[in-house]
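Notebook open, coffee poured. I want to go through the side-chain contacts here, then have a look at one of the pockets.

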Amino acid sequence: MKRKVFDLPASDFGWQVARDIFFLVCLLAMSFYAVYFASEDASRVFFLSLLIFFVLSKKDYFWFAFFFIIAQGPGHLFADLSAASSHRLPFYTFLAGMSFTPIDLFVLVALAKSLTLGKKATLRLRKPLFLLLLYIAFTLIVTSTLYGTDIDVVAWNIRWLFYYSVILSFYYLMNGKKDVYLFAILVFPVVLFIFFTQVHFLVTGNEFVNLFSPGYRSLTLIVLTGSIRPMVGGILILFLCYFFSILLLVDKEHVLPRTHIYLIAAVALLSVFVSATRQWFVVFSFMFLGYALLIRKKILSTLGILASILIVVGALTYFSVIPSDTLLHGSWLRIQEVLSLTRGDISAIGTAQNRFVNQLPILLGVIKRNPVIGYGFSNTTMVYYDNDLGFVNTILIFGIIGFLLHVNLFVHIFMLLLKSAKKIGAGNTCKGPLRVLALAWAGLLLIYLTTQDFFAFYFNKVFFVSVLIVFTEYFARKALNEELYGKAGKVLNGTISGERWRI
């Protein structure tokens, strides 16, 4: 009997993935041409036409993957949103003082499509999310009145806030497991492109994006060695693909060949290491260790990922693309500083010391004047917001009350994942994926509590968090449905197959 994937013969599913990836690559190439070579009017027409195709399409996962990739700026492409730039996504101005990018319009259209054509389902995290939304609306009104604000400041903040609507649109428009998995699988190849741009930078000393938008990216150096530092363009793409590749390794569906999954996980991990980004390297290593010790309890897949890393590094050095010391040495010296930090020596990391000694006192001084409800979407927030200080920014914007509501959301997320994993049997196909998602949220929480804010100010980060919340909702719901289906033999949500559960 031939193996099936999502009720399809494995060969048919493979061809569907290959076709979708081919069309996605073509669409990204056309978008690249529209942004960096075509006239602004042609670019506007092109991206508007894509929105029309999205409305008419039944492959919503494909369009979510496309706009998610564009929003994250892979290899620093599509990342320049300056009004003065001649190489950026086009702006659409429908009202005076309010401009929209194609990504903004996609979020608006996706919400409208999901509310009219999507299949509604109840969010398990609806209470903490709704409570947080109500509080944000309250702070918007109160703080704007107390501290004053400008219309452009309000417009900017409402922009990232509206990206949370992706939770509903993505949740309502995904048609079960197949769509959820295809969304992530379509993003996988971008990991290879991001790593290519890093290697290009190491070899040439010039960022890949600068070939088409001269001067957009300045030179970044590793202070310890003076060597150039190839920063990741699109780190949340790497994070998504990294944790989802691990999720596929514990999934019993066997959606992709393991060699493909090993390659994506290995390149994502290597890309973070080469960038010498300590915080993300710690998170990726934490997840890898958690996978090796807590989930699989086998060494075969762990060795597969490690072997893939060695093969990639070996191929680059063997064919003289780049010397191994250039690829690894400087990054390793910088990442070693993390060990000093764990021993309490904060002075070993200059950036960490600067944040604690210089940046943090300034921000705390502002927060002390209004610690309870924060400054909301006021000019004060715009002046003092500091993305190097993670959750402290949440207190700046929403006060201690708002921060506690964010903590409440995290608590509900972990309770949902861990309780769902505990309640289901060992044979449930979602047991492993639920644990991987718990590891992903733990990694995100670690960075949020130390450096970066993922929940405000930046639309691409809110887009990612919204997708991660839907993944959490989906696997928790599927785990319960699968458990009930297996025990009671009932058909739930109008489906007749144990492999196509409605979200």
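**Charges over rings**

I started with lysines and rings: the charged end of Lys113 sits over the ring of Phe54, 4.6 Å from its centre. Lys461 turned up as another case, lying over the face of Phe454 at 5.6 Å from the ring centre. Note to self: this is a predicted model, and side-chain atom pairs count only at pLDDT 80 or more.

**Salt bridges**

Next I pulled the salt bridges, and the structure holds 9 of them. I looked up Lys59 and Asp20, whose side chains meet with N to O at 2.9 Å. Lys59 lies in the loop between α2 (40-56) and α3 (60-72) while Asp20 lies in helix α1 (residues 10-36), so this bridge ties together parts that are 39 residues apart in sequence. I checked exposure for both ends: Lys59 is partly exposed at 34% relative accessibility, whereas Asp20 is buried at 2%.

Then I went to Asp251, which forms a salt bridge with Lys177, the closest N and O atoms being 3.6 Å apart. Asp251 is in the loop between α9 (235-250) and α10 (258-274) and Lys177 is in helix α8, so the pair links parts that are 74 residues apart in sequence. Buried or exposed, I asked myself, for Asp251 and Lys177? Asp251 is buried, and so is Lys177.

I also noted Lys478 and Glu482, a salt bridge with its closest N and O atoms 2.8 Å apart. Lys478 and Glu482 are 4 residues apart in helix α18 (residues 459-488), so about one helical turn separates them. Lys478 is buried, at 3% relative accessibility. Glu482 has a relative accessible area of 16%, and the cut-off for buried is under 20%, so Glu482 counts as buried.

Last item under this heading: I found a network in which salt bridges that share partners join Glu40, Asp41, Arg44 and Arg88.

**Aromatic pairs**

I counted ring pairs and got 56 aromatic pairs. I picked Tyr33 and Phe37 to look at: their ring centres are 5.8 Å apart and their planes sit at 20°, so I logged the pair as stacked. Tyr33 is exposed, with a relative accessible area of 51%. Phe37 comes out at 49% and is partly exposed. Exposed means over 50%, so I see why Tyr33 at 51% gets that label and Phe37 at 49% does not.

My other pick was Phe170 with Phe183, where the ring centres are 5.0 Å apart and the planes are at 65°, so the pair is edge-to-face. Phe170 belongs to helix α7 and Phe183 to helix α8 (residues 177-204), so the contact ties together parts that are 13 residues apart in sequence. Phe170 is buried at 0% relative accessible area, and Phe183 is buried at 0% too.

**Second largest pocket**

To finish, I opened the second largest pocket, which has about 430 Å³ of space. Which of its 16 lining residues are closest to the centre? I wrote down Leu129, Phe130, Leu133, Tyr164 and Ile167.

I then asked which helices supply at least two residues each to this lining. They are α5 (126-147), α6 (151-162), α7 (166-173) and α16 (391-423). α5 gives the most, with 6 residues. By class, I have the lining down as 13 nonpolar, 2 polar and 1 charged residues.

Conventions: Residues are numbered from 1 along each chain as its sequence is written. This is a predicted model: local features need pLDDT of at least 70, side-chain atom pairs count only at pLDDT 80 or more; totals for chains, interfaces and linings use all residues. Side-chain values use heavy atoms; hydrogens and water are left out. On a 1 Å grid over the protein atoms alone, a cavity is a set of points where a 1.4 Å probe fits but cannot get out, and a pocket is an open set with protein on both sides within 12 Å along at least five of seven lines; lining residues have an atom within 4 Å of a point. Grid points are joined across faces, edges and corners, and a volume is the space filled by probe spheres set on the points. Ala, Val, Leu, Ile, Met, Phe, Trp, Tyr, Cys and Pro count as nonpolar, Asp, Glu, Lys and Arg as charged, and the others, Gly among them, as polar. Rings of Phe, Tyr and Trp (its six-membered ring) pair if their centres lie within 6.5 Å; planes under 30 degrees apart count as stacked, over 60 as edge-to-face and the rest as tilted. Buried means under 20% relative accessible area, exposed over 50%, partly exposed in between (1.4 Å probe, protein chains only). A charge sits over a ring if NZ of Lys or CZ of Arg is within 6 Å of the ring centre and within 35 degrees of the ring normal. A salt bridge is a side-chain nitrogen of Lys or Arg within 4 Å of a carboxyl oxygen of Asp or Glu.
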